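Biologist: I'm new to this one. Could you show it to me and then let me ask how you know what you say about it?

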Amino acid sequence: MTHQLVDLFAFDLQGDEILGLVLGFVMFMIPIVYILTKHQQKMAELLNRNSSSQDPQVLALAAQVERLTQALHSQTLAVDELSQKLNTLPPPAPKTTEETPKTYLVNE
């Protein structure tokens, strides 16, 4: 039984037959490779075209983000400067007894 399976898959191919199979395989692979290469070229063109000419709306948004970033940096510096000024101020004076509320005793 196993001998018959081996004989079923055993091909006795000669040089001309192998050449025919290889040429047939190559003949079917050429269009596939051509199609894949053209597809890759078209995708590369699309990506290159999109990156070279940007949409005006995208450019406007990028400029707005840059302005907001600069505003954030300037406000951060202002807050830091105020914090440093607060740290250099002398501590507040302790409360005196005059500032505390006075209580009065009422005789009934």
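**Asking for reasons**

Modeller: Let's begin with Ile 18, which sits in helix α2, spanning residues 15–52. Keep in mind that this is a predicted model.

Biologist: Why is Ile 18 called partly exposed?

Modeller: Its relative accessible area is 42%. Partly exposed covers what lies between under 20% (buried) and over 50% (exposed), so Ile 18 with its 42% gets that label.

Biologist: And what makes Ile 18 eligible for a nonpolar surface patch?

Modeller: A patch residue needs over 30% relative accessible area, and Ile 18 has 42%. Ile 18 belongs to a patch of about 1000 Å², with Leu 13, Leu 21 and Phe 25 among the other members.

Biologist: What makes the contact between Lys 85 and Glu 81 a salt bridge?

Modeller: The N to O distance is 3.7 Å. The cut-off is within 4 Å, so the pair counts. A search of the whole structure finds one salt bridge. Both residues lie in helix α3 (residues 56–88), four residues apart, which is about one turn of the helix.

Biologist: Are those two side chains buried, partly exposed or exposed?

Modeller: Lys 85 has a relative accessible area of 48% and Glu 81 has 45%. Exposed would take over 50%, so both are partly exposed.

Biologist: How do you know which pattern the protein follows?

Modeller: There are three helices and zero strands, and along the sequence that reads α-α-α. As for burial, buried residues make up 0% of the 108 residues.

Conventions. Residues numbered from 1 in each chain as written. Predicted model: local features only at pLDDT ≥ 70, side-chain atom pairs only at ≥ 80, totals over all residues. Heavy atoms only, no water. Patch = residues over 30% accessible without salt bridge, like charges linked within 9 Å, V, L, I, M, F, W, Y side chains within 5 Å. Areas by Shrake-Rupley, 256 points an atom, 1.4 Å probe, with all protein chains shown as cover. Salt bridge = Lys/Arg side-chain N within 4 Å of Asp/Glu carboxyl O. Helix = DSSP H or I, 4+ residues; strand = E, 2+ residues; numbered from the N terminus. Buried < 20%, exposed > 50% of the residue type's maximum accessible area, 1.4 Å probe, protein only.
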